[in-house]
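Here is a walk through one protein model, written for someone meeting structures early on. Have a look at it, then read on.

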Amino acid sequence: MRGIDLALDAGGCLQLTGPNGAGKTTLLRAVAGLCEIERGRVQWRGLDTRRDARPFHDECSYLGHEVPMKGDLTARENLRFSVGLRRQVGGEAQRAVLDRVGAAPFADQLLRSLSAGQHRRVALAALLLCATPLWLLDEPTTNLDAAGQRVLMELMDEHLGAGGLILAAVHHELELPGRRIDRLELRGAT
């Protein structure tokens, strides 16, 4: 990828679109610091994230294709562990978020016994509990049923309304009525 220049302001949402292999996931991963970039830079609050990644990583959450959780832990245990790496979250906050994303009914089941859509709901709970201003979302509607997609759109709308930022790679454009969503179409290798 060459010649990509993008910026987000508080409350801003940018959708990366394009065909398979165009580089949407690679760009998200580069922004998140999960892969090296040969040239250019990623800046957060005016600072180069490669020089001091900690402040950026403290304020950024990445939700990729795969839900990075442990199958032998319950949904609730996974949240306690994964979110606990960043910040302490009380049981009441955890219960409220699990309920909000529709994961409360299966919160005490082992993750390996859950469907892919249920995994995604647990990942959404983690996203909320991390309470970061920047969300990097790679195909966020993957495996979600219609109700789950509505919940996701509500969460995104609330996040943007609170001044959060979202950079999302999508095949199917996100609809957030009343919100301006910018789009950047990637065309593939150049």
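## A tour of the fold

L111 is buried, with a relative accessible area of just 1%; buried means under 20% relative accessible area, exposed means over 50%, and partly exposed is in between (1.4 Å probe, protein chains only). You'll find L111 in the loop between α4 and α5 (116-130). What does L111 touch, leaving aside its neighbours within four places in sequence? L111 is in contact with M69, K70, G71, L73, T74, A75, N78, H119 and V122, where contact means heavy atoms within 4.5 Å. The C-alpha atoms of L111 and D72 are 6.5 Å apart, although 39 residues separate the two along the chain.

A quick word on where this comes from. The model is predicted, so local features need pLDDT of at least 70 and side-chain atom pairs count only at pLDDT 80 or more, while totals for chains, interfaces and linings use all residues. Residues are numbered from 1 along each chain as its sequence is written, and side-chain values use heavy atoms, with hydrogens and water left out.

### The whole chain

Now zoom out. The protein chain has six helices and seven strands. These are DSSP runs numbered from the N terminus, with helices being H or I of at least four residues and strands being E of at least two. Starting at the N terminus, the order of elements is β-α-β-β-α-β-α-α-α-β-α-β-β.

How does the radius of gyration of the protein chain sit beside that of a compact globule? A compact globule of 190 residues would have a radius of gyration near 16 Å, and the protein chain has 16 Å, which agrees. The radius is taken over C-alpha atoms, and the globule rule is 2.2 Å times the number of residues to the power 0.38. Along its principal axes, the C-alpha trace spans about 45 × 35 × 30 Å.

Of the 190 residues, 43% are buried. And if you take the contacts between residues at least 6 apart in sequence, 71% of them join residues at least 24 apart.

### Helices that meet

Three helix pairs are worth following on screen. Here are their angles and axis distances.

| Helix pair | Angle between axes | Axis distance |
|---|---|---|
| α3 (residues 75-84) and α4 (residues 91-100) | roughly 120 degrees | within 11 Å |
| α4 and α5 | about 135 degrees | 9 Å |
| α5 and α6 (residues 146-161) | about 10 degrees | 11 Å |

The axes are lines fitted to C-alpha atoms, for helices over the stretch in contact, and the angles run from 0 to 180 degrees between N-to-C directions. Angles under 35 degrees count as roughly parallel, over 145 as roughly antiparallel, 65 to 115 as roughly perpendicular, and the rest as oblique.

Start with α3 and α4, which are therefore oblique to each other. Their crossing is right-handed: that's the word if the near helix is turned clockwise from the far one by less than a right angle, and left-handed if anticlockwise. R76, L79 and R80 of α3 meet Q94, R95 and L98 of α4. By class, that contact has two nonpolar, one polar and three charged residues. Here Ala, Val, Leu, Ile, Met, Phe, Trp, Tyr, Cys and Pro count as nonpolar, Asp, Glu, Lys and Arg as charged, and the others, Gly among them, as polar.

Next, α4 and α5 are oblique to each other too, and α4 passes α5 in a right-handed crossing. The contact is made by A93, Q94, V97, L98 and R100 on α4, together with A125, L128 and L129 on α5. Six of these residues are nonpolar, one is polar and one is charged.

Last come α5 and α6, which are roughly parallel to each other. From α5, R121, L124 and L128 take part, and from α6, A147, G148, V151, L152 and L155. This contact has six nonpolar residues, one polar and one charged.

### Helix α1 and a few loop residues

In helix α1 (residues 24-32), K24, L27, L28, A30, V31 and A32 are buried. They pack against β1 (13-17), α2 (53-58), β4 (60-63), β5 (134-138) and β6 (165-169). Right after α1 comes G33, with a positive phi near 85 degrees.

Is R45 buried or exposed? At 61% relative accessibility, R45 counts as exposed. R45 sits in the loop between β2 (43-44) and β3 (47-48), and has a positive phi of about 55 degrees although it is not a glycine.
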